[in-house]
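Me: I'm new to reading protein structures, and I'd like a close look at one single part of this one. Could you walk me through that part and then show me how it sits in the whole chain?

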Amino acid sequence: MDPISDMLVAIRNGHKARLVKVATPASNLKAEIARVMKQAGYIEDCFVTKEFPKQLVITLKYNEKAVPAITGLQRVSKPGLRRFVTSANVPAVLDGMGLAVLSTSKGVMSGKEAKEQKVGGELICTVW
C-alpha cells in the first residue's frame, strides 16, 4: 500500500539481518530519499538498476564493529494522514543528531536544508 514505508522496512530489516545491500522497486521519490540519506551519512551508496523492472539498490553503512549507522527509521506522513510542516516547525530529530526528510516545492531535502532555504513541505520520515 505504501511504497516508501516498504523501502524503510527493507532498510530496517537489512540492518537486522546484517546485509550489505538491499533492493526495492525504484521510483524517483525513493531515489531522492535515499540520496538525502546518503548525503547525511546514513547509507553508503544508492543506485537504480538499468534492467526492467528497475530496482533501487541501497548499500547499508556499518562501522568497524558492524554497528549499523541507522538505529531507527520512522514514517511520519502516511497515505491516510499527510503531515505538513512550515520551515519554522521542522522537527529536530534527537536534538539535531538525526535527520528529517521533507518533500518540498524545491525537491526532497533534509530538515536542516529546508530551514536554511525557509521552505516547508511534507515531512516524509525521520532517521536516527
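Reply: Happy to help; here is a look at Glu-51, followed by the chain around it. Keep in mind that this is a predicted model.

Let's start with the place of the residue. Glu-51 lies in a loop, the one that links β2 (43-48) to β3 (55-60). Is Glu-51 buried or exposed? Its relative accessibility is 51%, and because exposed means over 50%, Glu-51 counts as exposed. To get a feeling for distance, take Glu-122 as a second landmark: 71 residues separate Glu-51 from Glu-122 in sequence, and their C-alpha atoms are 31 Å apart in space.

Now step back to the whole chain. It has 3 helices and 8 strands, and their order along the sequence is α-β-α-β-β-β-β-β-β-α-β. The radius of gyration is 14 Å, close to the 14 Å that the globule rule gives for 128 residues, so the chain is as compact as a globular protein of that length. Its C-alpha trace spans about 35 × 35 × 25 Å along the principal axes.

What about the inside and the surface? Of the 128 residues, 39% count as buried. Among contacts between residues at least 6 apart in sequence, 63% join residues at least 24 apart. The chain exposes about 7400 Å², with carbon and sulfur atoms supplying 55% of that area. Finally, the chain carries 19 positive and 11 negative charges, and the mean positions of these two groups are 2 Å apart.

Methods
Residues are numbered from 1 along each chain as its sequence is written. This is a predicted model: local features need pLDDT of at least 70, side-chain atom pairs count only at pLDDT 80 or more; totals for chains, interfaces and linings use all residues. Side-chain values use heavy atoms; hydrogens and water are left out. Helices (H or I, at least four residues) and strands (E, at least two) are DSSP runs, numbered from the N terminus. Buried means under 20% relative accessible area, exposed over 50%, partly exposed in between (1.4 Å probe, protein chains only). The radius of gyration is taken over C-alpha atoms; the globule rule is 2.2 Å times the number of residues to the power 0.38. Contact means heavy atoms within 4.5 Å. Accessible areas come from the Shrake-Rupley method with a 1.4 Å probe; for residues, only the protein chains shown count as cover. Lys and Arg count as positive and Asp and Glu as negative; His and the chain ends are not counted. The place of a charge is taken as NZ of Lys, CZ of Arg, CG of Asp or CD of Glu.
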